Amino acid sequence: MQTTELDPTLSRTLDAAGNAGLKLVIANKNYSSWSMRPWVAMTAFGIPFEEVRLSLGRPETSAHIAQYSSAGRVPVLVAGEITVWDSLAICEYVAEQFREKAMWPLDVAARAHARSICAEMHSGFTGLRTAMFMNIRARFPGKGRTPEAQADIGRICEIWENCLTRSGPHKFLFGDFSIADAYFAPIVMRFRTYDVSLAPALQAYADRVADHPAVSQWMREALAETERLEKYESYPDQTS
């Protein structure tokens, strides 16, 4: 287990996390796109939490995850007696508990739009997920270009273009950084790994996401991990 430092003084952070009663259970930062989303969102908005990181692919992994959720997957948020075991549900729960943080856009129409694209990401893009697994440390330029993945890339570019046209070319998807940007952060990681070519404005947006302090911290900690899942360390002829 490791603890995410959100404040200059670790003891203050731990006290705040204890008071908030939030414990976020995640998997390896190098590989787990689902874990990345709520972690980045909570870190970006300064919400203190205790981090529990479990390593994937070990004999004891399933048993360790089962200690927190019978669903058998991470991420899991434990808030006192409340357990939330889905990345989007975690973001919704935290946004509801910390309304003053404005983790979703304040405008009603923009908020509905943001929730819609997050839900689309949450339930879709299986072609890209299958062909372009996440490995922040790796570089697989030109790999994963299946027709299904290419279609998903096109749709993601369409979403980004639509949002940036409304919010402005030098901002995030809905102006200020929001859950929506945290939700697309793993896509930015994949585009870097697989060297996906983007239009200049979209590449600039992807760079802004990667440079965000919360995303940068996740990337640094992913690069510092020593665990390896061999099935994600080389690019096979067919991904599973």
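**Strand pairing and helix packing in the predicted model**

In strand E3, Val78 is the bridge partner of Lys23. This pairing belongs to a predicted model, in which E1 and E3 run antiparallel and are joined by four bridges. Strand E1 comprises residues 22-26, and strand E3 comprises residues 76-79. E3 also pairs with E4 in the antiparallel sense, here over three bridges. Within this second pairing, Leu77 stands opposite Val84 of E4. E3 and E4 form a hairpin with two residues between them. Gly80, in the turn of this hairpin, has a positive phi of about 65°.

These pairings form part of an open sheet of four strands, arranged in the order E2-E1-E3-E4 and with mixed pairing. The edges of the sheet are strand E2 (50-53) and strand E4 (82-84), each of which pairs on one side only. From one strand to the next, the twist averages 20°.

The two faces of the sheet can be considered at E3. In a regular strand, side chains alternate between the two faces of the sheet. In E3, Val76 and Val78 lie on one side, and Leu77 and Ala79 lie on the other. All four residues are buried, and both faces of E3 are thus covered. Helix H4 (residues 87-97) lies across E1, E3 and E4, and runs at about 30° to E3. The loop between helix H3 (61-66) and E3 contains Pro75. The peptide bond that joins Val74 and Pro75 is cis, with omega about 10°.

Two helix pairs were examined for their packing. Two packed helices are described by the angle between their axes and the distance between the axes. Helix H5 (residues 108-123) packs against helix H7 (residues 147-167) at an angle of about 165°, and their axes are 12 Å apart. Because this angle is over 145 degrees, H5 counts as roughly antiparallel to H7. The crossing of the two helices is left-handed. On the H5 side, the contact is made by His113, Ile117, Glu120 and Met121. On the H7 side, Arg155, Ile156, Ile159, Asn162, Cys163 and Arg166 take part. By class, the contact of H5 with H7 has five nonpolar, two polar and three charged residues.

In the second pair, helix H9 (residues 200-211) and helix H10 (residues 213-224) have axes that come within 5 Å and cross at roughly 70°. H9 is therefore roughly perpendicular to H10, since the angle falls in the range of 65 to 115 degrees. Val209, Ala210 and Asp211 of H9 meet Pro213, Val215, Ser216 and Met219 of H10. The residues of this contact divide into five nonpolar, one polar and one charged.

Positive phi values also occur in two loop residues other than glycine, namely Phe125 and Asp195. Phe125, in the loop between H5 and helix H6 (126-131), has phi near 60°. Its relative accessibility is 7%, so Phe125 counts as buried, the limit being under 20%. Asp195 lies in the loop between helix H8 (179-193) and H9, and its phi is about 55°. With a relative accessibility of 52%, Asp195 counts as exposed, because the value is over 50%. Of these two loop residues, Phe125 is thus buried, whereas Asp195 is exposed.

Conventions:
Residues numbered from 1 in each chain as written. Predicted model: local features only at pLDDT ≥ 70, side-chain atom pairs only at ≥ 80, totals over all residues. Heavy atoms only, no water. Pairing = 2+ DSSP bridges. Axes fitted to C-alpha atoms, helices over the stretch in contact; angles between N-to-C directions. Contact = heavy atoms within 4.5 Å. Parallel < 35°, antiparallel > 145°, perpendicular 65-115°, else oblique. Left-handed = near helix turned anticlockwise from the far one by under 90°. Nonpolar A, V, L, I, M, F, W, Y, C, P; charged D, E, K, R; others polar. Buried < 20%, exposed > 50% of the residue type's maximum accessible area, 1.4 Å probe, protein only.
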